[in-house]
Every structure is written in structure tokens, then in C-alpha cells.
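Reader: I'm new to reading protein models and would love some help. Could we look at one together, one question at a time?

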Amino acid sequence: MADCVSKIELTVSCSNLLDKDVGSKSDPLCVLLQKLGEDKWTELGRTERLKNTSSPSFSQRLRVDYHFETVQNLKFGIYDIDNSTSDLADDDYLGGVELTLGQIVSSKTVTRPLQLKKDKPAGKGTITVDAEEIKDNRAIVLEVEAKKLDKKDTFGKSDPFLEIFKQGDDGKWQLVHRTEVVKNNLNPSWKTFTVPLQTFCSCDLEKPLKVDCSDHDGDGSHDLIGSFTTKASELLKATGGSPVEFDCIHPEKKKKKSYKNSGVVSVKSCKLLTQYTFLDYVMGGCQINFTVGIDFTGSNGDPRSPNSLHYMSPGGLNQYLSALWSVGQVVQDYDTDKLFPAFGFGAKLPPDFQAANHEFALNFNPSNPFCQGIQGIVEAYRTTLPQIKLSGPTNFSPIINHVASIASGAAQAPTTLQYFVLLILTDGEITDLDQTRDAIVRASRLPLSIIIVGVGPADFKAMELLDGDNGVLRSTVGEAISRDIVQFVPFRNFKDAPMAALAQSVLAEVPNQLVSYFKMRGLEPQKQQAAPKS
């Protein structure tokens, strides 16, 4: 699972709060709660209490861990505090609001009317929440070589590699980077490498670092050639063609008087650069455009039969709709118009039921295939299902090429305002594997991620091949994928899990895929507009 956890700082202000105190204004405080389950909330934090104001701006920020792949339901409650206890049960409630963290970060600033309870406004009171990501998004880029290293192998020269450690608060050394091994070479040059500054030195340029140069042995008993200590501020002096050099010292050998060193490690260049995060792009205005493709091929089984994957349970659900709900609920917060194009493939359509159609609008309106929200896609699916005939073959490439052509149009502009996510729901019996591979390799150069959810009991071997986790996906002519854009999961792995678990699994990779695309294009996020002061 990709670890896309950022820390978000929320700033809260209110206006026109109700006055509960006789003869003076309220003394408000804001409490932040996060939903754990049905009607279960846990407190994440609270602001300071401000005296005598109906339009407070709280200076105490509220911090939340942000996960893209889950819907994080938050509740902000404003209370009038008239005593010194921390229990809020004896304080007047001035109103609250429920929001998802996704709504807040995709808008950056959200203003809502306060409510005393559902549909009961708290007078004219409003609450404004501003979001900011807390981070040091710099990385350190190093180019390192060594000269005249000691020979450690009886036959042939050493096989050197470097390990860099930072000193933890407990004084212990923590590994932060290991280079590749350069075979049979006493004057190696290692590939340039980049490490987040947080990882490298905890963003402290004066933190002690230790570098070990060792000779690699296949049995794991690597021999130390020599070490040195330094700090990031020293390494950063290696710029503009003047390297910084360090003697590699072996602790045993240095006891000899004549010993000078076991070689010299030379830092040819060292610089800091900014690494942008997913939230930099989202909060800079990037919209995530969500498209759905649903498999209506014959291998799903007759929808009227309880054995069919399209069979509706008495509750009006099946695996297709469960998967759609799970993923769609997360993604919809990142698209302002909430209009989602939805397509079907592999069915024969009314009125003539001629050849199978591999990319038809789910609402039967090809010039306007958009559905209003996830609920709109569900309704279009339920309306369409009884009217079509399941057929075949199972071709993925038409719908991938369709979304890719839209993404390609967006990619013409050198901006970071559009990214596309295609969700394909399928029983996995793919026919056009070669064309699909080619379509995915082409799409990897576009602002597009593809999520495939496999429904039903098939073995999904072909889907796993497309995911490319076990090796690089190549087109039929051998061209490698530019970046990883496909995530596949079988729905059956989540059948008994909470609905949100599927989304967590398939969406975990999307933030990194989005960043990798804009990085490949060399595009920086749009500058975040400062929120207007009210």
C-alpha cells in the first residue's frame, strides 16, 4: 500500500454566532471530531476558547492525518464555554457542521452555515475552515564517486557500495539510503540518487551523518572498506564543479602509523530540490475527472438469474454496484461539477440488438454521457440493465482509448489542472489483450490512471499482467510503459470487508501516479491562492 499520509492543518473562524450569555457575547471554542463508524465519533482536537466574541478567528490550528483513499468524515462543533471543565456536556452548543476532509482540501477554503441539528440553522452563524498541508517538501540530490578504494577480494577488485546513516535522537544510526553495487571497480561512480530531506536528515542540515563504503559479498558478509562522518550542510558545499572529498577510514587500519586512508569518497554535486506532493496539485486546483466502464458481456450470466454477477439482490445491490459505490464515494470529492461519464461495453443495444457495442453511454445519450454523482451512475445502470442483451467479446481497448483521447486533449495545455481516473468493472474474461496492452502503454504518457476491479470467480491472470507489479508492462512492439498507471484488485478479496476497504486498496496508488505524471512532464502545481480574508 502506498503511504500517502500528509498532515493537514485546519484553521477555523466563525461569524454571527448565537449569543447565549446574558448581557455579553458568547465565549466560543471549536471541537473537531472524526467519524469512526455508525454514530461513533472521536475527538481529534480543539481550539482555544475566545472571550466575548460572535465572530471568532481561532489561532490554535487543528491537525489531521490525511489519507486520499478513505472518506474521512469530520464534524466541527462550536461551544460557548462558561466553566473550567473540559466536558462539553454542560456547555451551550452554538452549532456545527459535517464535512469530509476531501471536500476541505479540494476547496482549500470551505464556508458553511452552522446547524444546531440537521436542517435547523444556528441563526445566521457560519463557519469557515481553511486547509494547509504541513511539510518540508525538499529532497537532497547527490552524485557520488570514489577513488583508489582498498582491494578486498582475493580474485578481482572490490564491489563497492555506500550506505548513508543519520543519527537518531537516541544516538543510534538509522539507514537512510543504500546505493547500488558497482562491480569490480576501485574507482566507482554511483548513479545520482534523490532522498526526501525528511528521511535523509530529518530536515536538520546539521544532524550528524555517517557514510560506510563496503565491499559487497554475495553471502551477505559485506566487508567494510572505510567510513566517514559528515552532515548535510557539508555535502551541500559540493556545487559548481568543486567536489567535497572525504577520506574513507577503516577503524582497524587507522591504528597503523603509516595509514592514510582506504580511498577517497568524492561528492561531485549535492543540491536541494522541491518535491511536490499530491496535495500540492489538488490544492493548486487540479480536478480529478472520474469515468466508469462496466462490463456487460455474456460471461457475467443472465442478469435475471441469481447466479449472474449482474443479478440485483433484494436490497438493489450486486458486486458491480458495491465496487462502484466504494471507489466513487472517495473520488467524487475531487471533482467540482460531480458529472461523471459512464459507459458500458460488450452488450447489444435496443432497438435492433445488432452487433455488440464496446463503448456505449450508460444513459443511452452518447452526446452527453454524464451522470450526476455516483448516485446518477447507479440509477443509469439500474435503468439500462433490463434493456440490453449481454454479448461479447470483452474488449477493454475502446473505452481506454476513449478516455485517453480526452486526457490527451487536456495534456496539450502545460497546466496541472486535469487528471483522469478510469474505473473498469469487469468479470475479467478479456479478449483484446494485445490492443489493451498497447492502449495502456500509450496512456502511460497521459494524465490518466486506470483502476480495474475484477468481479466474480475468474482467475484474472490477464488482469494481473496488466497491473505490471511483477515486471514492466510492454506493448506488442516491446515499448515499455512510461510509468505505472494500472491498479488491479479482485473484488472477492473484499467481499466480507467493510465497503471502504476496496477503495483504500485500489486508490492508494493514485496520488503517487498523479505526481509521477506531472513530474515526468516537469509541471509544477499552480500557486495556491491565499484565501480571501473575510
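Reader: Which residues touch the most other members in the largest nonpolar core?
Author: Good place to begin, and keep in mind that this model is predicted. In soluble globular proteins, nonpolar side chains tend to be buried together. Here the largest nonpolar core has 112 residues. Those that touch the most other members are Leu10, Phe76, Ile104, Ile450, Val453 and Leu507.

Reader: What is isoleucine 104 in contact with, leaving aside its neighbours within four places in sequence?
Author: Isoleucine 104 belongs to that largest core, so let's look around it. Two of its contacts, Leu10 and Phe76, are also on the list of residues that touch the most other members. The full set is Leu10, Leu74, Phe76, Leu99, Thr109, Val110, Val129 and Ala131.

Reader: How many residues are in the second, separate core?
Author: This core is separate from the one we just explored. Its members include Val144, Leu186, Leu197 and Phe246. The number of residues is 30.

Reader: Is strand β9 mostly covered or mostly uncovered?
Author: Strand β9 spans residues 138-147. Being buried means having under 20% relative accessible area, and 7 of the 10 residues in β9 are buried. That makes β9 mostly covered.

Reader: Which residue in β16 stands opposite leucine 142?
Author: Let's follow the pairing of the strands. β9 and β16 pair in the antiparallel sense over 10 bridges. Opposite leucine 142, in β16, stands cysteine 270.

Reader: What is the bridge partner of isoleucine 140 in β12?
Author: β9 is also joined to strand β12, residues 193-196. These two strands run antiparallel, with 4 bridges between them. In β12, isoleucine 140 has as its bridge partner valine 195.

Reader: Which residue forms a salt bridge with glutamate 143, and how many residues apart are the two?
Author: Side chains of opposite charge can pair when their charged atoms come close. Glutamate 143 in β9 pairs with lysine 268 in β16, at 3.4 Å from N to O. The bridge links distant parts of the chain, and the partner and spacing you asked for are lysine 268 and 125 residues.

Reader: Why does lysine 268 count as partly exposed?
Author: The partly exposed class lies between the buried limit of 20% and the exposed limit of 50%. Its partner glutamate 143 is also in that class, at 28%. Lysine 268 counts as partly exposed because its relative accessibility is 34%.

Reader: Why does arginine 304 count as exposed?
Author: Arginine 304 forms a salt bridge with aspartate 302, with the closest N and O atoms 3.0 Å apart. Aspartate 302 is partly exposed, at 38%. A residue is exposed when it is over 50%. Arginine 304 passes that limit because its relative accessibility is 71%.

Reader: Which residues do salt bridges that share partners join into one network?
Author: The count of salt bridges comes to 16. Some of them share partners, and these build one network. Its members are Glu143, Glu145 and Lys268.

Reader: Which are the edge strands of the open sheet of 4 strands?
Author: The order in this antiparallel sheet is β11-β10-β13-β14. Inside the sheet, β10 and β13 are joined by 7 bridges, and phenylalanine 165 has lysine 210 as its bridge partner in β13. An edge strand pairs on one side only, which gives β11 and β14.

Reader: Where is the pLDDT below 50?
Author: Overall, the protein averages a pLDDT of 91, and 97% of the residues score at least 70. One stretch falls below 50, with 2 contacts in the model beyond near neighbours in sequence. That stretch is residues 530-534.

Notes:
Residues numbered from 1 in each chain as written. Predicted model: local features only at pLDDT ≥ 70, side-chain atom pairs only at ≥ 80, totals over all residues. Heavy atoms only, no water. pLDDT = per-residue confidence, 0-100. Contact = heavy atoms within 4.5 Å. Salt bridge = Lys/Arg side-chain N within 4 Å of Asp/Glu carboxyl O. Buried < 20%, exposed > 50% of the residue type's maximum accessible area, 1.4 Å probe, protein only. Pairing = 2+ DSSP bridges. Core = buried A, V, L, I, M, F, W, Y, C linked by side-chain atoms within 4.5 Å.
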